[in-house]
Amino acid sequence: MRVSAIMTMNPKILMEAAISGKKKSNGKPKGKQAKVRDYEAHVLVCKGGDCKKRGSKDVKKALKDELRSVGMNRDVRLDSVECLGLCKHGPNAIVYPGGTWYLGLDEGEAREVARSHIKNGEPVEHLAAEFRPKKKAN
Ligand code: FES
């Protein structure tokens, strides 16, 4: 389909066309057929430039190794993400559930987070970042 033809089409028709293009033979969109694992925890480790320079790769490896050693490597999703926006404090990570931010982790601290927070469900208070109070809407 030519771009000029697409630009003049009703957006609803375009959306239906896009959805029908993603359908499988049973009529369900592909995304609805996929199943996801029910993880105990999800850890996002920053791999942005500043965190990488300060060792985020080693921090992620330490988390992974520790999770493996406590038998949780299959229960925890460990992902690298781009910049979390607190670059000068890195290497940074966020642990869910709870959304606890850990800033400036080193490998030993990452292992402590894996054991205490992820394995035992106790966030590591002395390593966790404090939350700023939310700004009130006017
Ligand atoms: S590079 Fe990690 S928070 Fe920006």
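## What surrounds helix H6

Let us start inside the fold: the buried residues of helix H6 are covered by elements that include E1, helix H5 (56–69), E2, E3 and E4. Which residues of H6 are buried? They are Ala110, Val113, Ala114, His117 and Ile118. Keep in mind as you look around that this is a predicted model.

The length of H6 is a nice thing to check for yourself. The helix covers residues 107–119, and its 13 residues should span 18 Å at 1.5 Å a residue; the C-alpha atoms at its ends are 17 Å apart, so the two values agree. H6 also has a kink of about 25°, centred on Val113. Val113 is one of the buried residues of this helix as well. Just past the end of H6, Gly121 has a positive phi of about 70°.

## The whole chain

Now step back to the full picture. The protein chain contains 6 helices and 4 strands. Reading from the N terminus, their order is α-α-α-β-α-α-β-β-β-α. Of the 138 residues in the chain, 20% are buried. Among contacts with a separation of 6 or more, 60% are between residues 24 or more positions apart.

How confident is the prediction? The mean pLDDT of the chain is 86, and 81% of the residues reach 70 or more. Residues 1–11 are another matter: their pLDDT stays under 50, and the model gives them 3 contacts beyond four places in sequence. Where pLDDT is low, the predicted coordinates should not be read in detail.

## The nonpolar core

The largest nonpolar core is made of 19 residues, and Val59, Leu63, Ala93, Ala110 and Val113 have the most contacts inside it. At least two residues of this core come from each of E1, H5, E3 and H6.

Ala110 is a good residue to click on. Beyond its neighbours within four places in sequence, Ala110 is in contact with Val59, Ala62, Leu63 and Leu105. Val59 and Leu63 are also on the list of core residues with the most contacts.

## How the strands pair

Strand E1 is a helpful place to begin with the strands. E1 and E2 run parallel and are joined by 6 bridges. E1 (residues 41–46) also has 4 bridges to E3, and these two strands run antiparallel. You can follow the pairing residue by residue: Val45 stands opposite Ser80 in E2, and Val45 also stands opposite Ala93 in E3. Next along E1, Leu44 stands opposite Ile94 in E3.

E3 has another antiparallel partner, E4, with 3 bridges between them. Here Ile94 stands opposite Trp101 in E4. E3 and E4 form a hairpin with 3 residues in between, and Gly98 in the turn has a positive phi of about 110°. Which residues of E3 lie on its covered face, and which on its uncovered one? Ala93 and Val95 are on the covered face, while Ile94 and Tyr96 are on the uncovered face.

## A closer look at Ser80

Ser80 belongs to strand E2. Is Ser80 buried or exposed, or does it fall in between? It has 16 other C-beta atoms within 10 Å, so Ser80 counts as partly exposed; a buried residue would need 20 or more, and an exposed one would have 12 or fewer.

Leaving out neighbours within four places in sequence, Ser80 has contacts with Val45, Lys47 and Lys60. Ser80 and Ala93 are 13 residues apart along the chain, and their C-alpha atoms are separated by 9.0 Å. Val45 stands opposite each of these residues, Ser80 in E2 and Ala93 in E3.

## Two cis peptide bonds

Which peptide bonds should you look at on either side of E3? One runs from Gly90 to Pro91 and is cis, with omega near 0°. Pro91 sits in the loop between strand E2 (76–81) and strand E3 (93–96). Another cis peptide bond joins Tyr96 and Pro97, with omega about 5°. Pro97 is in the loop between E3 and strand E4 (100–102).

Why point these out? Most peptide bonds are trans, and most residues other than glycine have a negative phi. The positive phi values mentioned above belong to glycines, Gly98 in the hairpin turn and Gly121 just after H6.

Notes: Residues are numbered from 1 along each chain as its sequence is written. This is a predicted model: local features need pLDDT of at least 70, side-chain atom pairs count only at pLDDT 80 or more; totals for chains, interfaces and linings use all residues. pLDDT is the predictor's confidence in each residue, from 0 to 100. Two residues are in contact if their C-beta atoms, placed from the backbone, lie within 7 Å. Two strands pair if DSSP finds at least two bridges between them. The expected span of a helix is 1.5 Å times one less than its number of residues. The bend at a residue is the angle between axes fitted to the seven residues ending there and the seven starting there. A nonpolar core is a set of buried Ala, Val, Leu, Ile, Met, Phe, Trp, Tyr and Cys residues joined through C-beta atoms within 7 Å.
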